[in-house]
Amino acid sequence: MDYRVRIVATFFLLIIISSLSELKAQEEAKYRFTPAPDIWYNDVDGIRLGVRVLGEMEDSFKDGPHRLDAGFWVHTWLPKTPVSYYISFIEAIPSITSYGNEGSIQLISSYRTGFTQQKIGFNKRWQLGFEELRYSELRASISQEKLTDIEYRPFPQLWQKEWKSLIELGFINSSINGLGQLFINSELIQNVNSNSSAFTVFKVEVFQKIKLGSSSALRFRGFVGHATENTAAEHLFGLSFRQPNGWLNNGVSRAKGTIPSNWLESGLIQFAGGGNLRGYLEQDAKLLKAGLSPTYNTAWAINTELEFPNPINSVIKNISIIGELVEFRTYGFFDFGKGTKKLPSGTIDPLKDVLALFDAGIGSQFSINIPDYLGKDRGIFIRYDVPFWISKPDTNSRNFSYRQVIGIGAIFSF
């Protein structure tokens, strides 16, 4: 383990221990640790055995002070690094905190699946009374991160190995307008390493839902992202898949082998994000399998879904309690977008003269969603999409053809 990781992780642990030790001086304070066994698998660690621990004040329902989320694992195949850990500690700031309007400091230290991150962040939320769909959130953080073992990555060409020192700013706004729910998510990342490796990444997502009746809706998603010339490969944008660094945020996509590699290489599995042009996932997967990088410095896309009623969802919604947590959506979709990248001199950009890439099809989404105390989505979203038409097929392929994509994560979750 790199000495910088040891120093920062030790520093974070001391802060957490110091904060928790203050509870001893509070006779009425009752802090609860909730451990749970954890088992997972990837092709490098084999079966990963460990324990997850949640820590919180009793009866605080994850919105009180001293919130801890930690895990420690041992890897049964004994790779180069046979143990891993994750620690997140959130401390609310009383002077700027009330119900739905928390301000907090968060510490994160992680060393797992060939990637390390040490991060300190500030988060502030503003909510209008008890209206969970009307709120704004600001987040700011500084972090150091590094790829420590390329063996964990399913497509190594999508990653850079150097240390990165990142400053991140993000802003979220959720509101209700005359059409329905509007959600905006923006993010700015600056790598402040030396001039030769400094880069900037900016992206914005806008979601609009328009209800057309009790069981129908029209959903729009607009996406635009830009990354400067020296941007690390894992922060570039895909037209059909999430930015590679975003794969680390989900246990299913965090390391190769949890999902069989041949499923990824064939374009069967999509990790939602980026341009989300689901009809082009198979083409991008062929390039990835060949060692190429279908990622872009600049990308934009618009995704649309027309949701229509189906009898299965009608039955689910009539089941007490279950109907509020489980959903089976069916829809027709239409996506279009384009990407541009910095290419070596003399290289021809195959998308240079293309106005945009288009796809269309039908799909369904099954979700089990248990929102947190602020109403935010917290669950499983699995999609099955059939993009039967694309505007620019591969050589020897047709515009109209049977294609299938199993999506992990929702393109539209609200």
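Visitor: Which helix gives the most to the lining of the second largest pocket?

Guide: In this predicted model, the second largest pocket holds about 450 Å³ of space. Of the 21 residues that line the pocket, the closest to its centre are Asp284, Leu287, Tyr296, Pro350 and Leu351. With four residues, the element that gives the most to this lining is helix α3 (residues 281–289).

Visitor: How does the lining of that second largest pocket divide by class, and how many of its residues are charged?

Guide: Twelve residues of the lining are nonpolar and three are polar. Asp counts as charged, and Asp284 is among the residues closest to the pocket centre. The number of charged residues in the lining is six.

Visitor: Which residues of α3 are buried?

Guide: Parts that cover the buried residues of this helix include α2 (261–265), β13, β18 (379–390) and β19 (405–408). After the helix comes Gly291, with a positive phi near 90 degrees. The buried residues in α3 are Leu281, Gln283, Asp284, Ala285 and Leu288.

Visitor: Which elements each supply at least two residues to the lining of the largest cavity?

Guide: A search of the whole structure turns up three cavities of 30 Å³ or more, and the largest has a volume of about 80 Å³. Its lining is made of Phe155, Phe241, Trp247, Leu264, Ile269, Gln270, Phe271, Leu281, Ala285 and Leu288. By class that is nine nonpolar, one polar and no charged residues. The elements that each supply at least two of them are β13 and α3.

Visitor: And what is the volume of the second largest cavity?

Guide: Here the lining consists of Pro154, Trp247, Val252, Ser253, Ala255, Lys256, Gly257, Ile259, Leu264 and Phe271. Seven of these residues are nonpolar, two polar and one charged. The volume is about 40 Å³.

Visitor: Let's turn to charged pairs. How far apart in sequence are the parts that Arg32 and Glu56 tie together?

Guide: Side chains of opposite charge can pair when their charged atoms come close. Arg32 and Glu56 form a salt bridge, with 3.1 Å between the closest N and O atoms. Because Arg32 sits in strand β1 (residues 31–42) and Glu56 in strand β2 (residues 46–57), the pair ties together parts whose separation in sequence is 24 residues.

Visitor: Is Glu56 buried or exposed?

Guide: The cut-off for buried is under 20% relative accessible area. Its partner Arg32 has 35% and is partly exposed. Glu56 has a relative accessibility of 9%, so this residue counts as buried.

Visitor: Which residue forms a salt bridge with Glu102?

Guide: Glu102 lies in the loop between β4 (83–92) and β5 (103–112), and its partner is in strand β3 (residues 67–75), so the pair ties together parts that are 35 residues apart in sequence. Both residues are buried. With its closest N and O atoms 2.9 Å apart, the pair joins Glu102 to Arg67.

Visitor: Which residues does the network around Arg278 and Glu305 join?

Guide: The structure holds 20 salt bridges, and one of them is between the side chains of Arg278 and Glu305, at 3.1 Å from N to O. Arg278 is in the loop between β13 (269–271) and α3, while Glu305 is in strand β15 (residues 298–308), 27 residues apart. Arg278 and Glu305 are buried. Through shared partners, salt bridges make one network of Arg219, Arg278, Glu305, Glu307, Arg329, Asp335, Arg383 and Asp385.

Visitor: On to the strands. Which residue of β10 is the bridge partner of Leu182?

Guide: Strand β9 (residues 181–191) has eight of its eleven residues buried. Ten bridges join β9 to strand β10 (residues 199–211), and the two run antiparallel. The bridge partner of Leu182 in β10 is Gln208.

Visitor: Which residue of β9 stands opposite Leu166?

Guide: Strand β8 (residues 164–176) pairs with β9 in the antiparallel sense over eleven bridges. The two form a hairpin with four residues between them, and Gly180 in the turn has a positive phi of about 150 degrees. Opposite Leu166 stands Asn191.

Visitor: Finally, which residues does Ser143 touch, leaving out those up to four places away in sequence?

Guide: Ser143 belongs to strand β7 (residues 135–147). Its relative accessible area is 11%, so Ser143 is buried. The residues that Ser143 touches, beyond those up to four places away in sequence, are Gln118, Lys119, Lys164, Ser165 and Leu166.

Note on methods
Residues numbered from 1 in each chain as written. Predicted model: local features only at pLDDT ≥ 70, side-chain atom pairs only at ≥ 80, totals over all residues. Heavy atoms only, no water. Buried < 20%, exposed > 50% of the residue type's maximum accessible area, 1.4 Å probe, protein only. Contact = heavy atoms within 4.5 Å. 1 Å grid on protein atoms, 1.4 Å probe; cavity = no way out; pocket = protein on both sides within 12 Å on 5 of 7 lines; lining within 4 Å. Points joined across faces, edges and corners; volume = space filled by probe spheres on them. Salt bridge = Lys/Arg side-chain N within 4 Å of Asp/Glu carboxyl O. Pairing = 2+ DSSP bridges.
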